[in-house]
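Biologist: I'm new to reading protein models. Could you walk me through this one, feature by feature?

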Amino acid sequence: MTTRRTMLLSLLGLALLYPASVHADAALAPKPISIYLDGQQLQPEARPLNISGTVLVPMRGLFEAQGAELSWNNISKTVNAVKGGTTLTYTLGSSTALLNGKTVELAVPGQLSQGYSMVPLRFISEALGSLVTWEPASGSVLISSAAYDTSVTWGVNLRSSPNAGSEAASLRLLPAGSKVHVIHEVGALWLEVRTTDNLTGYVSSKPKFTDYRSPSLLQKQGEALIATGKQYLNAPYVFGASPEQTDTFDCSSFVKRVYADTLSVELPRVSYDQALEGKKVSLDELRTGDLLFFTARGLDIGHVAIYAGNNRILHTYSKELGVHMENFSSSWQKRFVTARRIL
């Protein structure tokens, strides 16, 4: 990363995160901060300005990245931006703007700098319906736009916190067909979302409830399946074990239990029926959580295992070993029949 890029990200992130009194001290030791809009890293065309704790960035890139259509009057230096039902009119240098016909105050006016029209990042983003948040774990500034592209597929509670317990109040029941915008993935099991009427809360990310499927969420959910399965390591193998209990397992009752307990996904009881679920994937496409099926007991499909990543499988078939992990070895690959992706 160049010195120019490091300064750009640092100034922008610091201005968003801290009060003005902190900026002078923080600027002495700037830290690289990543800036993302809906998961995509932004690359501003010019170095942001830090004016009394407010960050100004190039106008056109900021508007267009958030889906606004612009018209620019070069004589009056006035921009008119439209996004959905939102109209924002601003004249460069003014301390006020018109948002849907109403006058709103700017802490710091926009200005010309480095050949670009510079405008306040937070003001513009929030006027367009976006949220600006700081993620300390990754050192990132997250701008979340109002793109309502995720559908609720089964009625789900919008909760006040990412928790299904009584301490997380239900803000509303979102019926099937509702549209939400995903702000943030909270682990493997929750999504922070915003509704079309700007109510923010948390919904379950289990596959039953929404059509949201990102690569990062699917990886987290696969890892959650393995974590659940490992809770039963060494549990005894009993052929025909009831899936209603967890003292003993056979291969398919184990897989059925892990998927149900982790993600509320109900699979058939026996392995040859489980092999009809989801979609077929090749061995070079395997992802954590995929199911692997093998010949066993003279059957074309008589055994199932969960792929655990890094060429490892989690399964049970032996009274001596019980539930265990092992390498997806050549001997298992010789008996391999098919792989199915459930998530």
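Modeller: Sure, let's begin with the parts list: the protein has 8 helices and 25 strands. Both are DSSP runs numbered from the N terminus, helices being H or I over at least four residues and strands E over at least two. Keep in mind that this is a predicted model, where local features need pLDDT of at least 70, side-chain atom pairs count only at pLDDT 80 or more, and totals for chains, interfaces and linings use all residues. Residues are numbered from 1 along each chain as its sequence is written, and side-chain values use heavy atoms, with hydrogens and water left out.

Biologist: What percentage of the residues count as buried?

Modeller: Buried means under 20% relative accessible area, exposed over 50%, and partly exposed in between, using a 1.4 Å probe and protein chains only. Of the 343 residues here, 47% count as buried.

Biologist: How do I read a sheet?

Modeller: Strands of a sheet pair through backbone hydrogen bonds, either parallel or antiparallel. For us, two strands pair if DSSP finds at least two bridges between them. One open sheet here has 6 strands in the order 20-25-21-22-23-24, and the pairing is antiparallel.

Biologist: Which strands stand at its edges?

Modeller: Strand 20 (279-281) and strand 24 (324-327) do; each has a single partner strand, so one side of each lacks a neighbour in the sheet. From one strand to the next, the twist averages 40°. Angles like this run from 0 to 180 degrees between N-to-C directions, with axes as lines fitted to C-alpha atoms, for helices over the stretch in contact.

Biologist: What packs on that sheet?

Modeller: Helix 6 (residues 251-263) does, touching strand 21, strand 22 (299-309) and strand 23 (312-315). Its direction makes about 40° with that of strand 22. Contact means heavy atoms within 4.5 Å.

Biologist: How are strands 21, 22 and 23 linked up?

Modeller: Strand 21 and strand 22 pair antiparallel over 5 bridges. They form a hairpin with 2 residues between them, and Arg297 in the turn has a positive phi of about 55°. Next, strand 22 and strand 23 pair antiparallel over 3 bridges, with Leu314 as the bridge partner of Ile306. Their hairpin also has 2 residues between the strands, and Asn310 takes a positive phi near 55°.

Biologist: Why is strand 22 called largely enclosed by the rest of the structure?

Modeller: Because 9 of its 11 residues are buried.

Biologist: And what about strand 21 on the strand 25 side?

Modeller: There, 4 bridges join strand 21 (residues 291-296) to strand 25 (residues 336-341), running antiparallel. Follow Phe294: it stands opposite Phe336 in strand 25 and opposite His303 in strand 22. Phe294 is buried, with a relative accessible area of 0%.

Biologist: How do I describe two aromatic rings that meet?

Modeller: A pair of aromatic rings is described by the distance of the centres and the angle of the planes. Rings of Phe, Tyr and Trp (its six-membered ring) pair if their centres lie within 6.5 Å; planes under 30 degrees apart are stacked, over 60 edge-to-face, and the rest tilted. The whole structure holds 7 aromatic pairs. In one of them, the rings of Phe294 and Phe328 have centres 6.1 Å apart and planes at 80°, so the pair is edge-to-face. Phe294 lies in strand 21 and Phe328 in the loop between strand 24 and helix 8 (330-335), so the pair ties together parts that are 34 residues apart in sequence.

Biologist: Is Phe328 buried or exposed?

Modeller: Buried, at 4% relative accessibility. Phe294 and Phe328 also belong to one aromatic cluster with Tyr317, Trp332 and Phe336.

Biologist: Where is Thr316 found?

Modeller: In the loop between strand 23 and strand 24. Thr316 counts as buried, at 0% relative accessibility. A polar atom of its side chain lies 3.3 Å from the backbone oxygen of Gly322. Leaving out residues up to four places away in sequence, Thr316 touches several residues, including Tyr237, Phe254 and His303.

Biologist: Can you show me another sheet for practice?

Modeller: Try the open sheet of 4 strands, ordered 3-4-11-10 with antiparallel pairing. Strand 3 (49-51) and strand 10 (111-113) stand at the edges, each with a single partner strand, so one side of each has no neighbour in the sheet. Strand 10 and strand 11 (residues 116-120) pair antiparallel over 3 bridges, and the bridge partner of Ser113 is Tyr116 in strand 11.

Notes:
A polar contact is a pair of N or O atoms within 3.5 Å; within protein, one must be able to donate a hydrogen and the other to accept it, and residues adjacent in sequence count only if both atoms are side-chain atoms.
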